[in-house]
Amino acid sequence: MSIFEVDKQYVAGTYNRFPVEIVSGKGSVVTDVDGKEYIDMGSGIAVTSFGIADDVWQQAIIEQIGKVQHMSNLYYTEPCALLAEMLCKKTGFKKVFFSNSGAEANECAIKAARKYSAEKKGADHFTIVTMKNGFHGRTLTTLAATGQEHYHELYQPLTPGFVSVTPGDVDELKKVCEETKAAAIMVECIQGEGGVLVQDAAYIRTAAEYAKENDIILIVDEVQTGNGRTGALYSYMQYGIEPDVVSTAKGLAGGLPLGATMLNEKVQNVFGFGDHGSTFGGNPVSCAAALSILKRLDDAFLAEVTAKGEFLRNAFADTEGIEAVSGMGLMLGLKTVKPAGEVVATCMANGVLCLTAKDKVRLLPALNIPMPALEKAVEVIKEACRLAD
Ligand SMILES: *Cc1c(COP(=O)(O)O)cnc(C)c1O
């Protein structure tokens, strides 16, 4: 049996995979089993921040794996402590809880908000107000937080205590927060899975002010937008807001599983011994990988991410078959005249891997993608978008 057949027979059918088997890669180039090379404009969905098998990243992992690959959270390990310190020093947050994925980072954020509000205002203050069209993960609780009905259908009952509102409607947000005695407002500054939709800055700022005035926890989900993706260390920084809780994962460890939930001074002590936990959370290899990534995300590097994003925007402006470009930094969505899936398939045939998000072609290249690779990818994508003569 071919790998396609083995996979189809034995792996649960949750993924509609492309008929491509990737066997290796370096930087922004990946190679399939037939030796065909592709420019990777998806980075494993914003995960491989410095591309495939980056040397510095690899070295950090190899060094740590030769010392200790896992320890229970009953003991201290250096990478976990140093990563928490680095995250706090770079952001101003006070404490970090480590997990293994975006969904788990959000579960922790939700638990923190609920415990804070239950203790401060009473157990009836449990509702998490989220945004329609958002995405927060696939566990039953983070699905409840995901304001997209089609993900919910056949998994009822989901965790109660979640209400989604229409982004941009301040009156609705305030009304729902009051009526539900909200514990938290949970947002993505740029909805990723929802279609690379940059949220209105005035709305996000008003929501943040309202949350602060009413002692409602503001959670910003930076699972996709975080760790340099949008040209800032975290996208909330570009919105000029100060969330109480930030969750992140995807690109944090550059390709190893790691989730982080950052807590500000308001909620830093909400968890005590035994209140939350994770066997793998804070894994020393993942944390060593994340340290190596975060060290490189300085201002000069982030300015390059922004510049590359601008280059892509300019390259796709006034292009036949592309109606609009959305997003920030190296998180971009192309509204194409042709169906996005068709464009992605053409790009793949021509050696460029892209993603979709709803009706958009989504681009999430490695943050350090070299300009020649970016230029070549642009040509292939433009050609794929071009309408038939
Ligand atoms: C991908 C994503 C998640 C879920 O992350 P997992 O690691 O798949 O659990 C949550 N929130 C946002 C915004 C995401 O993009």
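What follows is a friendly conversation about a predicted model.

Visitor: How do you know that the structure has 0 disulfides?

Guide: A search of the whole structure finds 0 of them. A disulfide needs two cysteine sulfur atoms within 2.5 Å. The sulfur of Cys80 is 4.9 Å from its closest cysteine sulfur, in Cys287, so that pair is too far for a bond. For Cys108, the closest cysteine sulfur is in Cys88, 13 Å away, and therefore too far for a bond as well.

Visitor: Why is Cys80 called buried or exposed?

Guide: Buried means under 20% relative accessible area. Cys80 has a relative accessible area of 19%, so Cys80 is buried.

Visitor: And Cys108, what decides whether that residue is buried or exposed?

Guide: The cut-off for buried is under 20%. Cys108 stands at 0% relative accessibility and therefore counts as buried.

Visitor: Where does Cys80 sit among the helices?

Guide: Helix H4 covers residues 78–91 and helix H10 covers residues 284–296; their axes come within 8 Å and cross at roughly 35°. This crossing is left-handed. Cys80 belongs to the H4 side of the contact, along with residues including Pro79, Leu83 and Lys90, while the H10 side includes Cys287, Leu291 and Lys295.

Visitor: What classes of residue make up the contact of H4 with H10?

Guide: There are 12 nonpolar and 2 charged residues, with no polar ones.

Visitor: What makes H12 parallel, perpendicular or oblique to H13?

Guide: Helix H12 (residues 340–349) packs against helix H13 (residues 371–385) at an angle of about 135°, and their axes are 9 Å apart. Roughly perpendicular runs from 65 to 115 degrees, and roughly antiparallel begins over 145. An angle of about 135° fits neither range, so H12 is oblique to H13. As for handedness, H12 passes H13 in a right-handed crossing.

Visitor: Which residues make that contact?

Guide: From H12 come Val343, Thr346 and Cys347, and from H13 come Val380, Ile381, Ala384 and Cys385. By class, the contact of H12 with H13 holds 6 nonpolar residues, 1 polar and no charged.

Visitor: What kind of peptide bond joins Gln156 and Pro157?

Guide: A cis peptide bond joins them, with omega at about -5°. Pro157 lies in the loop between helix H6 (140–145) and strand S6 (162–165).

Visitor: What is notable about phi in Ala46?

Guide: Phi of Ala46 is positive, about 65°, although Ala46 is not a glycine. Ala46 is found in helix H2, residues 43–46. Its relative accessibility is 4%, and buried means under 20%, so Ala46 counts as buried.

Visitor: Where is Asn133, and what is its phi?

Guide: Asn133 is in the loop between strand S5 (127–131) and H6. Its phi is near 75°, again a positive value in a residue other than glycine.

Visitor: How do you know whether Ile241 is buried or exposed?

Guide: Ile241 has 6% relative accessibility, set against a cut-off of under 20% for buried, so Ile241 counts as buried. Ile241 sits in the loop between helix H9 (235–238) and strand S11 (245–248).

Visitor: Which residues is Ile241 in contact with, leaving aside its neighbours within four places in sequence?

Guide: Contact takes heavy atoms within 4.5 Å. On that basis, Ile241 is in contact with Ile204, Arg205, Ala208, Leu218, Val220 and Tyr236. Ile241 is also 9.5 Å from Ala201, C-alpha to C-alpha, with their positions 40 residues apart in sequence.

Notes: Residues numbered from 1 in each chain as written. Predicted model: local features only at pLDDT ≥ 70, side-chain atom pairs only at ≥ 80, totals over all residues. Heavy atoms only, no water. Buried < 20%, exposed > 50% of the residue type's maximum accessible area, 1.4 Å probe, protein only. Axes fitted to C-alpha atoms, helices over the stretch in contact; angles between N-to-C directions. Helix = DSSP H or I, 4+ residues; strand = E, 2+ residues; numbered from the N terminus. Parallel < 35°, antiparallel > 145°, perpendicular 65-115°, else oblique. Left-handed = near helix turned anticlockwise from the far one by under 90°. Nonpolar A, V, L, I, M, F, W, Y, C, P; charged D, E, K, R; others polar.
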